[in-house]
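Here's a quick tour of one protein chain for anyone new to reading structures. Keep the 3D view open while you go through the points.

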Amino acid sequence: MRGLAVAFALTILCACNPSVQSSSSPSPSPSPTSSGLSLKISGHGTAQQPVRFVAQQKSRIQYDLRASSFESVGAQGSARVSFRHVRVTFYGKDGSHLVADAPQAIVDQTTNTIQMLGGVRAKNDNGTSLSCDTLQYDHQTEMLFGTGHVIIASARGFKATGDRFESDISMTHTRMQ
């Protein structure tokens with residue numbers, strides 16, 4: 001959780017330096033004040049330099065989020081950061097990756113998740129494509145959860161549809177309902 005607090009602080013800097021990367025390595029953080037201070041911070045990127053938010057665990061990148069803009073609301077450690085016009089590249093422990101696009105994403109420090117909203121389109125490095133209404137990534141388990149009009153199609157022609165699914169980043173261990 002402390003790593004997400006550091007990541008949130010670095011998100012704030014993204015408006016000034018879109019190539020800032022966050023790290024999940026522990027670092028001291030100031031203790032919250034008794035006033036319950038809640039901040040609202042926003043920023044915009046450009047086509048050449050989008051807002052960028054990178055989450056790492058040790059030396060491995062877990063995801064790289066790029067967006068046209070962001071808005072953060074909340075206190076340190078419990079903020080929700082909304083991003084617009086989002087592309088997230090998720091990196092699996094096995095070296096696989098999945099690139100997902102959506103109109104909006106929310107990084108929630110309390111639940112330690114990213115939720116992509118408004119119609120998600122994704123494709124992995126094996127050519128498997130995914131579409132769904134919402135896609136949630138759990139930072140702790142590194143699992144994906146999709147809901148609403150789910151369609152998964154492999155490069156070999158296999159196609160599955162359902163209301164929800166859960167999967168790893170490589171989409172080799174997928175369960176659909």
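What follows is a short briefing, grouped by topic.

This is a predicted model, so to speak a computed picture of the chain. The chain has one helix and 13 strands, and buried residues make up 44% of its 177 residues. After that overview, we'll look at the core, a pocket and a handful of individual residues.

**The overall layout**

- Reading along the sequence, you meet the helix and then the strands, in the pattern α-β-β-β-β-β-β-β-β-β-β-β-β-β.
- Take the contacts in the chain with a separation of 6 or more: 43% of them link residues 24 or more positions apart.

**The core and Tyr-63**

- The largest nonpolar core contains 31 residues.
- Which residues have the most contacts inside that core? They are Tyr-63, Leu-65, Phe-83, Phe-90, Met-116, Leu-130 and Leu-135.
- Tyr-63 is a good one to click on: beyond its neighbours up to four places away in sequence, it touches residues including Phe-53, Val-54, Ala-55, Val-88, Phe-90 and Ile-114.
- The list for Tyr-63 also includes Tyr-137 and His-139.

**Asp-64, a buried charged residue**

- Next along the chain is Asp-64, which lies in strand 3 (residues 60-67).
- Is Asp-64 buried or exposed? With 7% relative accessibility, Asp-64 counts as buried, because the cut-off for that label is under 20%.
- The side chain of Asp-64 has a partner: a polar contact of 2.8 Å joins it to the side chain of Arg-52.
- Leaving out residues up to four places away in sequence, Asp-64 touches Arg-52, Phe-53, Val-54, Arg-87, Val-88, Thr-89 and Tyr-91.

**The loop between strands 10 and 11**

- Thr-141 sits in the loop between strand 10 (134-138) and strand 11, and Glu-142 is found in the loop between strand 10 and strand 11 too.
- Thr-141 counts as partly exposed, at 45% relative accessibility, whereas Glu-142 is buried, with a relative accessible area of 6%.
- Thr-141 and Asp-168 are 27 residues apart along the chain, and their C-alpha atoms are separated by 9.0 Å.
- Glu-142 has a phi near 60°, a positive value in a residue other than glycine. For context, most residues other than glycine have a negative phi.
- What does the side chain of Glu-142 pair up with? A polar contact of 2.6 Å joins it to the side chain of Arg-60.
- Outside its neighbours within four places in sequence, Glu-142 is in contact with Gln-57, Arg-60, Gln-62, Tyr-91, Lys-93, Tyr-137 and Ile-169.
- Glu-142 also takes us back to Tyr-63: the two are 79 residues apart along the chain, with 9.7 Å between their C-alpha atoms.

**The second largest pocket and Met-171**

- The second largest pocket holds about 260 Å³ of space.
- Strand 11 (143-153) and strand 13 (174-176) are the elements that each give two or more residues to the lining of this pocket.
- How many residues line the second largest pocket? There are 15, and Thr-128, Ile-152, Ser-154, Phe-158 and Met-171 lie nearest its centre.
- By type, the lining splits into seven nonpolar, seven polar and one charged residue.
- Met-171 belongs to the loop between strand 12 (159-167) and strand 13, and at 11% relative accessibility it counts as buried.
- The phi of Met-171 is near 60°, which is positive in a residue other than glycine.

**Gln-109 and Pro-103**

- Gln-109 is in the loop between strand 6 (97-108) and strand 7 (113-117), and it is buried, with a relative accessible area of 2%.
- The side chain of Gln-109 reaches the backbone nitrogen of Ala-79 at 3.0 Å, and one of its polar atoms lies 3.4 Å from the backbone nitrogen of Ser-78.
- Pro-103 is found in strand 6 and counts as partly exposed, at 37% relative accessibility.
- Setting aside residues up to four places away in sequence, Pro-103 touches Phe-83, Arg-84, His-85, Val-86, Leu-117, Gly-118 and Gly-119.
- Pro-103 and Ser-68 are 35 residues apart in sequence, and 9.9 Å separates their C-alpha atoms.

Note on methods: Residues are numbered from 1 along each chain as its sequence is written. This is a predicted model: local features need pLDDT of at least 70, side-chain atom pairs count only at pLDDT 80 or more; totals for chains, interfaces and linings use all residues. Side-chain values use heavy atoms; hydrogens and water are left out. A nonpolar core is a set of buried Ala, Val, Leu, Ile, Met, Phe, Trp, Tyr and Cys residues joined through side-chain atoms within 4.5 Å. Buried means under 20% relative accessible area, exposed over 50%, partly exposed in between (1.4 Å probe, protein chains only). Contact means heavy atoms within 4.5 Å. On a 1 Å grid over the protein atoms alone, a cavity is a set of points where a 1.4 Å probe fits but cannot get out, and a pocket is an open set with protein on both sides within 12 Å along at least five of seven lines; lining residues have an atom within 4 Å of a point. Grid points are joined across faces, edges and corners, and a volume is the space filled by probe spheres set on the points. Helices (H or I, at least four residues) and strands (E, at least two) are DSSP runs, numbered from the N terminus. Ala, Val, Leu, Ile, Met, Phe, Trp, Tyr, Cys and Pro count as nonpolar, Asp, Glu, Lys and Arg as charged, and the others, Gly among them, as polar. A polar contact is a pair of N or O atoms within 3.5 Å; within protein, one must be able to donate a hydrogen and the other to accept it, and residues adjacent in sequence count only if both atoms are side-chain atoms.
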